[in-house]
Amino acid sequence: MPGTVTEPTCVTSTGSVTLSGLPASVTWLIKQTGTVSTTYTGTGTTYNVSNLIPGSYAFTVEYVGSCISPSSASVIVNNLVTNSYTNTGWSNGSPTINQNLIFASNYTTTGGGLENINGCTCVVNSGINVVISSDDTLTINKAIVNNGGTLTFENNASLVQVANVANTGNIIYKRISKPMKNFDFTCWASPVTGQTLFNLSPNTLSDKYLSYTATGWKTEPPITTVMIPGKGYGIRTPKAKLWPNGENVVFPYSQPVQFIGVPNNGNISGGAVVAGITYLIGNPYPSAIDADAFLFENPNNSAILEGIIYFWTHNTDISLNGGKYSSADYASYNGIGGTMTLPAASGGSVPNGKIAAGQSFFAKATNNGSVVFNNEMRISGDNHHFFKPAKSSKSNAFERHRLWLNMTNTGGAFKQLLIGYIQGATNGFDSDFDGVSLNANLFIDFYSINLGSNLVIQGRALPFTDSDLVPLGYSTIIEGEFTISIGQADGKLGNQPVYLEDKLTNTINDLRESDYTFKTKTGIFNNRFVLRYTNKTLGIDDFESDNNVLVWIDNKNIRLHSAKENINKVFIYDVLGRLIYNDSAISAPEVIISNLKFKDEVLLAKIVLMNNHIITKKIITTSK
């Protein structure tokens with residue numbers, strides 16, 4: 001007796017049915033007739049018949065020594081439903097992912113994310129105009145076919161596809177840049193095939209269409225250059241005027257552009273990369289992609305790219321005389337989070353790990369290879385974070401404790417850094433969690449310092465302890481007053497006391513109580529500030545007694561020995577709290593440090609055992 005038919009879906013093109021009431025304790029033979037004829041043998045009282053293409057079937061059963069059973073009732077396996085939109089509405093209710101959609105009349109979605117359409121395939125008939133409004137998403141499992149109509153995606157709308165299939169016919173994909181001033185650029189990437197630089201921005205000066213190579217920016221011929229999927233391009237805003245094609249440029253100018261071509265889909269190679277070189281890479285899809293999926297979850301990309309990406313921004317006019325100091329800088333994102341280039345109160349936003357359609361970004365190669373994209377990186381919505389020029393977050397699943405610090409002045413200068421204590425990070429350099437400050441801000445740079453690198457984002461090892469010290473540095477061409485403040489904090493750092501030690505003024509300042517304002521000359525200052533979580537310097541009496549861990553000087557070497565638990569990490573500080581040595585991957589009962597030059601001084605050793613127990617020991621050294 002046939003049971004309920006499991007119908008085909010968009011993903012599985014065949015159906016199935018379970019036959020019950022089969023003879024027990026014998027080997028039976030089932031004969032299938034109808035659209036496809038075949039036989040099955042087996043035992044048991046039930047049997048699932050699978051891989052049935054749409055059609056009509058009947059079944060009989062027999063076994064040795066028996067007669068043939070009567071034919072079963074007809075089993076009908078249906079094709080996917082075709083759902084057509086006409087002036088009277090959808091022919092089969094609201095579209096679903098297991099329906100083939102046909103637009104036979106003009107259609108415009110509601111917009112604002114209120115109307116997302118799902119389907120297995122999508123066909124736009126000749127002469128039909130379909131518009132997916134801003135913030136709405138069209139999700140199609142398989143192919144898009146435009147048979148001579150128009151399929152338009154307004155700014156921030158998305159087209160998401162699942163299967164690695166080819167599309168047919170053009171779409172119009174609209175984007176609006178962030179406000180630009182004269183001479184400003186936007187870094188674009190094409191979500192369609194066949195898009196030329198000239199047709200994207202026809203009123204830009206002919207020598208202001210750029211690509212980025214290992215040696216810097218390169219001028220591209222706009223009429224003949226077709227934008228390569230996965231590659232980024234810089235295009236300058238047109239001059240201010242009303243152009244013959246109707247483009248009216250008035251600064252600040254949010255430039256509307258249209259990408260016209262067959263929508264990119266499926267597996268895409270973003271081109272070859274060489275270790276040590278920075279590239280301008282672009283989102284190749286007409287939907288946002290997840291930066292974590294691109295940087296970390298794809299094994300190819302994680303093996304050849306640093307785990308941080310940079311978005312080039314330009315926030316306001318540069319005018320020293322007018323007192324405005326905002327300038328071009330990089331918003332950044334990695335496995336810990338992101339940093340912004342403009343205060344939140346002034347409209348700044350932190351990269352949220354979603355790379356918008358049409359957006360390109362900078363990434364540095366760590367090994368030779370080719371960058372790849374696939375549909376698993378694509379996401380529905382989250383298509384707003386679009387930055388212009390001059391790696392859910394990866395860390396969401398991990399233990400993390402983060403602190404953002406801002407450096408500002410009253411004239412509008414702004415730079416943000418991020419410190420994060422996160423699972424998987426060490427206190428060495430981790431490409432997934434540490435990002436170098438690119439120092440693109442004309443007026444100030446603000447960074448944490450570790451192992452000689454100036455970091456806009458720094459990952460620190462767990463467990464978090466309030467004895468940790470993080471040196472901070474800055475550079476400026478502006479003499480005067482600046483302020484360092486907490487931008488935001490989460491995890492344990494959400495309620496943790498945060499102090500800023502100023503070694504020039506010999507003060508420790510509570511950033512929870514108030515922002516810290518200081519005076520500075522121009523220059524680079526890498527020894528003035530230390531981020532700390534207690535309000536006292538390490539004193540020679542502030543030690544934990546543990547006779548199982550010994551530290552001593554032996555022939556100008558520092559030796560450490562743990563009697564019961566292996567040593568995991570060692571950090572050596574001077575009495576001013578400056579880190580002068582660290583080793584974060586030991587796993588041994590004894591450590592010998594032989595590469596330090598001693599003078600007559602007291603050093604402090606922080607020892608982290610394998611069970612995360614922390615001991616601090618005093619070391620008295622001599623230069624003799």
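1. Let's start with the open sheet in this predicted model. Three strands make up this sheet, in the order β12-β15-β18, and their pairing is parallel. At the edges you'll find β12 (117–119) and β18 (158–161), each of which pairs on one side only. Going from one strand to the next, the twist averages 10°.

2. Now zoom in on one pair from that sheet. Strand β15 covers residues 137–140, and its parallel pairing with β18 runs over four bridges. Want one to look up on screen? Try Thr137: its bridge partner in β18 is Ser158.

3. Next, have a look at strand β19, residues 171–176. Which of its residues sit on the covered face, and which on the uncovered one? Ile171, Tyr173 and Arg175 are on the covered face, while Ile172, Lys174 and Ile176 are on the uncovered face. If you read those numbers in order, you'll see a pattern you may know from class: side chains in a regular strand alternate between the two faces of the sheet.

4. So who pairs with β19? One partner is strand β17 (residues 150–153), in the parallel sense, over two bridges. Another is strand β25 (residues 256–263), this time in the antiparallel sense, over six bridges.

5. Finally, keep an eye on Tyr173, since this residue turns up in several places. Tyr173 belongs to the covered face of β19. Tyr173 is also the bridge partner of Phe153, and in β25 the bridge partner of Tyr173 is Phe259. Click on Phe153, Tyr173 and Phe259 in turn, and you can follow the pairing from β17 through β19 to β25.

Note on methods:
Residues numbered from 1 in each chain as written. Predicted model: local features only at pLDDT ≥ 70, side-chain atom pairs only at ≥ 80, totals over all residues. Heavy atoms only, no water. Pairing = 2+ DSSP bridges. Axes fitted to C-alpha atoms, helices over the stretch in contact; angles between N-to-C directions. Buried < 20%, exposed > 50% of the residue type's maximum accessible area, 1.4 Å probe, protein only.
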